[in-house]
Each structure stands twice: as structure tokens, then as C-alpha cells.
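Visitor: I've got the sequence and the model open side by side. Could you pick one part, take a close look at it with me, and then work outwards from there?

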Amino acid sequence: MALFRRGSSPLPELIREVNTAFLQYTPDSQYFEATLAPLLARLYALIKIGDVRSVDQLDAIAAPLRTMPPLTAALCAASVLHSSGRSLAEIPLGEPLTQLIAAAGMAAAQKAVPQVTSEQDCRQLITALDVLWRFEPSPYREIDHAQVVYLTGHLALTLGYDHDALASRWRQAVRLLDEVDPAAARNSTERDTVERTKRHLERSWTEQLAALTAGS
């Protein structure tokens, strides 16, 4: 039995530890340094030596981010990527992990936007959003960049800015959609999805902007 334990992969146990650390995440630097950082260092080492071999294993690492409270999930994903995202992206199977974390974090952040009411939560979410979109692959990175600017318009109101600030961010978001290139998608199905998403967002945001400016 001892020989079996020594020869077995430490990955399943580490995934459980990472999952627990995600679920217990708190936006506190001490928690990150004492709990998350050492786990991420071990995870990096296992990915680098090839102990992680499948997308399913990567998905299991990011899975808690899809069930956690939205604000917590967004802040956790952003913290992980801010500290370890660039180093992970430089090794095989590390980049897909950063993209899974970013996608889960972005989905959570979008749910969190209408829920935040305090200035502190609002500012933390804005910071998280600015980290998350940068780790998405093209053309989703460009779509999410535009969506981040759009969402920060809503958050600006929570911070006490007026509707001019909201309109300015929405105009910028519409302009950023010009940078979305559906041809960068991996296949025709994804390309069609990106094209539809781009058209939908442009139409929706333009209509909202027109209504906002007409009412001001």
C-alpha cells in the first residue's frame, strides 16, 4: 500500500484542496498569501511536469467558481489570475486553465453587478473585471472587454457618478465591439455565435444609449 501511495498522483487531493480554498475564499491578502498562494504554486508544479493530462481535470479545478456566490467567485477568479495567470499561461495546459477560470469569473461578475450596493464591493468588482477579460482567448477577450466597459457604467452609478459617466462608458463599449473579429473563432459554429453576440450587443447597447440620452 505504501508503494501505491508513493506512485499515485497527488493531483486529486490537490484539486480537493484548491476547491475548498476557492469555496472559503475571502478578499483578504493574508488569506491569499497563507492559503491560496501555496496551493497555486503546487498546482503550477504539477501542471508543468505533466501530471495534469485532461481538460476534465482542469474543469474540476475551476468548478467551484460556477456555484459560489457571484461576487466571491469573481473576486476569487481575479485574485488567482492576477497572481498566477501569466505564469500558468506559459506552460502546456496552463493556459486552458486560466481561460476556464476567467470564463467562470466573468459569468459570476456579470451576475454580481446588479447585486453590489456598497462602494467597497463595487470598486473590488471593477478591479476584478479588469483582470478577468484579459485572460479570455480571442475573440471572446474582445467581447468581454466591451462588456466590462458596459458593466462598469452600471457600477459607476453605484459609486455616485451621473448619467453622463454612464453614457460615456456605453459609447466606449459600443466602439470596442468594432475590435471583435469573429474570424478569430476556432470553428464555424463559434464564429456564428460570436457574430450573433456582437450584433445583439451592438443593437441592445445602442438602443439603451439612445433611451438614456433622450431622457437626460
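Guide: Let's start at S79, which is in contact (heavy atoms within 4.5 Å) with Y25 and F32 once its neighbours within four places in sequence are set aside. This is a predicted model, so local features need pLDDT of at least 70 and side-chain atom pairs count only at pLDDT 80 or more, whereas totals for chains, interfaces and linings use all residues. Residues are numbered from 1 along each chain as its sequence is written, and side-chain values use heavy atoms, with hydrogens and water left out.

S79 is part of helix α5. Helices here are DSSP runs of H or I with at least four residues, strands are E runs of at least two, and both are numbered from the N terminus. The S79 side chain also makes a polar contact, reaching the backbone oxygen of L75 at 2.9 Å. For that label, a pair of N or O atoms must lie within 3.5 Å; within protein, one must be able to donate a hydrogen and the other to accept it, and residues adjacent in sequence count only if both atoms are side-chain atoms.

Now look at the space beside S79. Y25, L75, A78, S79 and H82 lie nearest the centre of the largest pocket, which has 15 lining residues. Helices α3 (29–48), α5 (70–88) and α7 (119–132) are the elements that each give two or more residues to that lining, and α5 supplies the largest share, 5 residues. By class, the lining splits into 7 nonpolar, 6 polar and 2 charged residues. Nonpolar covers Ala, Val, Leu, Ile, Met, Phe, Trp, Tyr, Cys and Pro, charged covers Asp, Glu, Lys and Arg, and the others, Gly among them, are polar. The space in this largest pocket comes to about 290 Å³.

As for the term, a pocket is an open set of points on a 1 Å grid over the protein atoms alone, with protein on both sides within 12 Å along at least five of seven lines; a cavity is a set where a 1.4 Å probe fits but cannot get out, and lining residues have an atom within 4 Å of a point. Points are joined across faces, edges and corners, and the volume is the space filled by probe spheres set on them.

Step along to V80, also in α5. V80 counts as buried because its relative accessible area is 1%; the cut-offs, with a 1.4 Å probe and protein chains only, are under 20% for buried, over 50% for exposed and partly exposed in between. Not counting residues up to four places away in sequence, V80 touches F22, F32, L36, L40, G85 and I101. F32 is thus also on the list for S79.

Which residues have the most contacts inside the largest nonpolar core? They are L65 and L125, in a core of 71 residues, and α5 gives the largest share of that core, 10 residues. A nonpolar core is a set of buried Ala, Val, Leu, Ile, Met, Phe, Trp, Tyr and Cys residues joined through side-chain atoms within 4.5 Å. Beyond its neighbours within four places in sequence, L65 is in contact with F22, A73, C76, A77, I101 and A104; F22 and I101 are among the residues that V80 touches too.

For a contrast, try L23, in helix α2 (residues 11–23). L23 counts as exposed because its relative accessibility is 52%. Residues up to four places away aside, L23 touches P64 and M68. The C-alpha atoms of L23 and P64 are 6.5 Å apart, although 41 residues separate the two along the chain.

Going the other way from V80, P137 is 57 residues off in sequence and 17 Å away in space, C-alpha to C-alpha. The second largest pocket holds about 220 Å³ of space, and P137 is one of the residues closest to its centre, along with Q99, Y140, R186 and E190, out of 13 that line it. Helix α6 (residues 94–112) gives the largest share of this second lining, 4 residues.

Zooming out, the protein has 10 helices and 0 strands, and 44% of its 216 residues count as buried.
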